[in-house]
Amino acid sequence: MKDQDLTVTIAVDKSPKEAFDAINNVRGWWSEEVKGGTENLNDEFTYKARDLHRCTMKLIEVVPNQKVVWLVLDNYFSFTKDQTEWKGTKVIFEISEKDGKTQIQFTHQGLVPQHECYEVCSDAWTGYITGSLYNLITTGKGEPNPKES
């Protein structure tokens with residue numbers, strides 16, 4: 001089952017520290033609506049996208065310049081019947097060096113094709129990782145969801 005988890009990998013010409021710092025700058029690549037700490041072990045933060053999606057994440061593993069793991073404590077989608085699909089899943093960022101570049105492997109462990117939200121969620125994560133996070137690491141500017149008025 002493990003190989004069914006959503007995984008997205010990017011490679012950048014930046015240091016592992018620059019990648020790690022960008023990953024932890026969740027407001028810089030995912031959403032300006034993030035509230036709470038996003039950098040230290042046991043930090044908890046909430047993410048909100050209009051009335052479509054809300055979730056609460058807890059940082060359960062933080063290895064500087066190597067790995068960050070979020071545990072999904074709570075989640076709500078307006079577009080799914082099953083509100084438990086994300087609860088208890090893990091969002092994992094693994095940073096390594098490969099072929100002279102810094103590689104970031106993103107895995108949403110527990111987000112599998114059988115889930116009702118899989119298509120929407122996998123498209124969204126892929127866009128955030130290959131677009132916004134990649135740009136934040138490489139140019140210093142991501143494209144997070146803007147603050148809601």
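Select Lys-98 first: this residue stands opposite Lys-101 in S7. The model is a predicted one, in which local features need pLDDT of at least 70 and side-chain atom pairs count only at pLDDT 80 or more, while totals for chains, interfaces and linings use all residues. Residues are numbered from 1 along each chain as its sequence is written, and side-chain values use heavy atoms, with hydrogens and water left out.

**The S6–S7 hairpin**

Extend the selection to S6 (90-98) and S7 (101-109). Helices (H or I, at least four residues) and strands (E, at least two) are DSSP runs, numbered from the N terminus. S6 and S7 form a hairpin with two residues between them, and Asp-99 in that turn has a positive phi of about 50°. Nine bridges support the antiparallel pairing of S6 with S7; two strands count as paired if DSSP finds at least two bridges between them.

**Across the sheet**

Now display every strand. The sheet is open, has seven strands in the order S1-S7-S6-S5-S4-S3-S2, and is paired in the antiparallel sense. Its edge strands are S1 (6-12) and S2 (35-36), each of which pairs on one side only. In general, strands of a sheet pair through backbone hydrogen bonds, either parallel or antiparallel.

Begin with S1, which is joined to S7 by seven bridges in an antiparallel arrangement. Ile-10 stands opposite Ile-104 in S7. Select Thr-9, also found in S1. Thr-9 counts as partly exposed because its relative accessibility is 41%; buried means under 20% relative accessible area, exposed over 50%, and partly exposed in between (1.4 Å probe, protein chains only). Leaving aside residues up to four places away in sequence, Thr-9 touches Gln-103, Ile-104 and Gln-105, where contact means heavy atoms within 4.5 Å. A C-alpha to C-alpha distance of 8.6 Å separates Thr-9 from Thr-107, although the two are 98 residues apart in sequence.

Move next to S5 (67-77). S5 and S6 pair in the antiparallel sense over five bridges, and the partner of Lys-67 in S6 is Glu-94. S4 and S5 are antiparallel as well, with ten bridges; here Thr-56 has Asp-74 of S5 as its bridge partner. The hairpin of S4 and S5 has three residues between the strands, and Asn-65 there takes a positive phi near 65°.

Then select S3 (residues 44-49) and S4 (residues 53-63), antiparallel strands joined by six bridges. Ala-49 has His-53 in S4 as its bridge partner.

**Helix H1**

Add H1 (residues 16-24), which packs on the sheet and touches S4, S5, S6 and S7; its direction makes about 165° with that of S6. Axes are lines fitted to C-alpha atoms, for helices over the stretch in contact, and angles run from 0 to 180 degrees between N-to-C directions. Which residues of H1 are buried? They are Pro-16, Ala-19, Phe-20, Ala-22, Ile-23 and Asn-24. Their cover includes helix H2 (26-29), S4, S5, S6, S7 and H3.

**Helix H3**

Select H3 (residues 118-139), which lies across S1, S3, S5, S6 and S7 and runs at about 15° to S1. The helix has 22 residues and reaches 30 Å from its first C-alpha to its last, close to the 32 Å expected at 1.5 Å a residue; the expected span is 1.5 Å times one less than the number of residues. At Tyr-128, H3 bends by about 30°, the bend being the angle between axes fitted to the seven residues ending there and the seven starting there. Its buried residues include Cys-121, Trp-125, Ile-129, Leu-133 and Leu-136. Just after H3, Gly-140 takes a positive phi of about 85°.

**The aromatic rings**

Finally, show the side chains of Phe, Tyr and Trp. Rings (for Trp, the six-membered one) pair if their centres lie within 6.5 Å; planes under 30 degrees apart count as stacked, over 60 as edge-to-face and the rest as tilted. The structure holds 14 aromatic pairs. Trp-29 and Trp-30 are stacked, at 6.2 Å centre to centre with 20° between the planes. Trp-29 is buried because its relative accessibility is 0%.

Trp-30 and Tyr-128 form an edge-to-face pair, at 6.5 Å centre to centre with 80° between the planes. Trp-30 lies in the loop between H2 and S2 and Tyr-128 in H3, so the pair ties together parts that are 98 residues apart in sequence. Both Trp-30 and Tyr-128 are buried. The cluster linked by ring pairs includes Trp-29, Trp-30, Phe-45, Trp-70, Phe-93, Trp-125 and Tyr-128.
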